[in-house]
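Reader: I am in my first year and would like a close look at a single part of this structure, with the terms explained as they come up. Could you take me through it carefully?

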Amino acid sequence: MTEFIHLPGIGNSGNTHWQSRWENANPAIRRFAPTSWDQPDLSDWIEALDQAVRRAKTLPILVAHSLSCLLVAHWHQRAPSPIRGAFLAAVPDPLSPSFPADAAGFADVPQAQFGFPSLIVASTNDPYGSLPYVETRAKQWGSELKIIGAAGHINGQSDLGDWPEGLALLMDFASHA
């Protein structure tokens with residue numbers, strides 16, 4: 001059985017977010033638990049992620065959204081416990097005017113290639129991350145890139161519902177990771 005660890009972005013993922021909906025449908029999916037969702041501290045988030053990975057019974061797949069995509073890059077550089085792979089939705093650009101000031105500690109994003117398979121899922125109209133930025137990150141991190149069209153920030157406000165297309169992408173990724 002594949003273990004999945006959900007890594008929401010700043011503010012956590014509310015009830016209308018696909019991460020919450022996937023968790024409600026599959027109680028085996030776990031969510032990592034940093035001290036604060038609204039005032040993210042990079043060291044705390046790295047430690048929370050590493051604890052979640054170390055608690056896994058098998059090599060997990062990380063399912064990150066937004067700020068947590070940057071978290072995965074920082075964690076990989078500082079505390080790389082083994083994982084099967086990382087599914088990264090809506091990678092934000094720290095230089096974007098919409099990037100939250102509270103997340104400034106995540107802004108110096110590591111560029112090193114990941115030591116695990118990864119898939120970046122991007123939207124053509126994400127207000128937090130342009131396609132050129134996401135394409136650069138995909139090359140740096142060695143990630144496959146899937147562009148899904150105009151889906152905003154791929155969050156609860158994107159009206160994706162249960163986002164079955166995303167779940168299909170995740171399951172396909174998991175079968176090859």
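**A parallel pair and the core**

Author: Strand β5 (residues 118-122) and strand β6 (residues 144-147) run parallel and are joined by 4 bridges, where two strands pair if DSSP finds at least two bridges between them, and where strands (E, at least two residues) and helices (H or I, at least four) are DSSP runs numbered from the N terminus. This is a predicted model, in which local features need pLDDT of at least 70 and side-chain atom pairs count only at pLDDT 80 or more, whereas totals for chains, interfaces and linings use all residues. Residues are numbered from 1 along each chain as its sequence is written, and side-chain values use heavy atoms, leaving out hydrogens and water.

Within the pair, Ala122 stands opposite Ile147 in β6. Between the two strands the chain passes through helix α4 (residues 131-141), and this β-α-β crossover is right-handed, which means that, with the strands pointing away from the viewer, the path from the first strand over the helix to the second runs clockwise.

The largest nonpolar core (buried Ala, Val, Leu, Ile, Met, Phe, Trp, Tyr and Cys residues joined through side-chain atoms within 4.5 Å, buried being under 20% relative accessible area with a 1.4 Å probe, protein chains only) has 37 residues, and Phe32, Leu62 and Leu88 have the most contacts inside it. Among the elements that each supply at least two residues of this core are β5 and α4. Apart from this core lies another, of 18 residues, including Val121 and Ala151. In the protein chain as a whole, which has 5 helices and 6 strands, buried residues make up 53% of the 177 residues.

Terms used:
Buried < 20%, exposed > 50% of the residue type's maximum accessible area, 1.4 Å probe, protein only.
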